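Please open the structure in your viewer and keep the sequence beside it, since each stop of this tour begins with a selection to make.

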Amino acid sequence: MEQTEWEKLSPEEKRIQLYLNQIQTLDAFLERGAISKAQYDKSLGDLTVKMGMKN
């Protein structure tokens, strides 16, 4: 995302975008074997709670 696009986002939209970016990072780590599925699940759960994305 370009800087100008980022600046136009609301705080809520920025939070969602950061969450999605973090999930992409976790996905990449899992795909490359850098973390186990258990570590992925734990990290994703923690991330979801800490970023307030849990419904």
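## Salt bridges and a core

Begin by selecting Asp 46, which at 31% relative accessibility counts as partly exposed, because that class covers the range between buried, under 20%, and exposed, over 50%. Keep in mind throughout that this is a predicted model.

With Asp 46 still highlighted, add Lys 42 to the selection, and you will find a salt bridge between the two, in which the closest N and O atoms are 2.7 Å apart. Lys 42 counts as exposed, because its relative accessibility is 52%. Both residues belong to helix α3 and are four residues apart, so about one helical turn separates Lys 42 from Asp 46.

Stay in helix α3 and select Lys 37 together with Asp 41, two residues that also lie four residues apart, about one turn of the helix. Here the salt bridge brings the closest N and O atoms to a distance of 2.8 Å. Asp 41 has a relative accessible area of 41% and is therefore partly exposed.

How many salt bridges does the structure hold? There are three, and for one of them you should now move to helix α2, where Glu 12 and Arg 15 lie three residues apart, about one turn of the helix. Select this pair, and you will see that Arg 15 forms a salt bridge with Glu 12, with 2.6 Å between the closest N and O atoms. Glu 12 counts as partly exposed because its relative accessibility is 40%, and Arg 15, at 25% relative accessibility, likewise counts as partly exposed.

Leave Arg 15 highlighted and add Met 51, for which Arg 15 is one of the residues in contact. Setting aside residues up to four places away in sequence, Met 51 touches Leu 18 and Tyr 19 as well as Arg 15.

From Met 51 and Tyr 19 you can continue into the largest nonpolar core, to which both of these residues belong. To display the whole of this core, select Tyr 19, Ile 23, Leu 26, Ile 35, Tyr 40, Leu 47 and Met 51, which make up its seven residues. Colouring the helices will help at this stop, as α2, spanning 11–31, and α3, spanning 37–50, each supply at least two residues of the core. Which helix gives the largest share of this core? That share, three residues, comes from α2.

To end the tour, show the core together with the salt-bridge pairs already visited: Glu 12 with Arg 15 in α2, and in α3 both Lys 37 with Asp 41 and Lys 42 with Asp 46.

Methods: Residues are numbered from 1 along each chain as its sequence is written. This is a predicted model: local features need pLDDT of at least 70, side-chain atom pairs count only at pLDDT 80 or more; totals for chains, interfaces and linings use all residues. Side-chain values use heavy atoms; hydrogens and water are left out. A nonpolar core is a set of buried Ala, Val, Leu, Ile, Met, Phe, Trp, Tyr and Cys residues joined through side-chain atoms within 4.5 Å. Buried means under 20% relative accessible area, exposed over 50%, partly exposed in between (1.4 Å probe, protein chains only). Contact means heavy atoms within 4.5 Å. A salt bridge is a side-chain nitrogen of Lys or Arg within 4 Å of a carboxyl oxygen of Asp or Glu.
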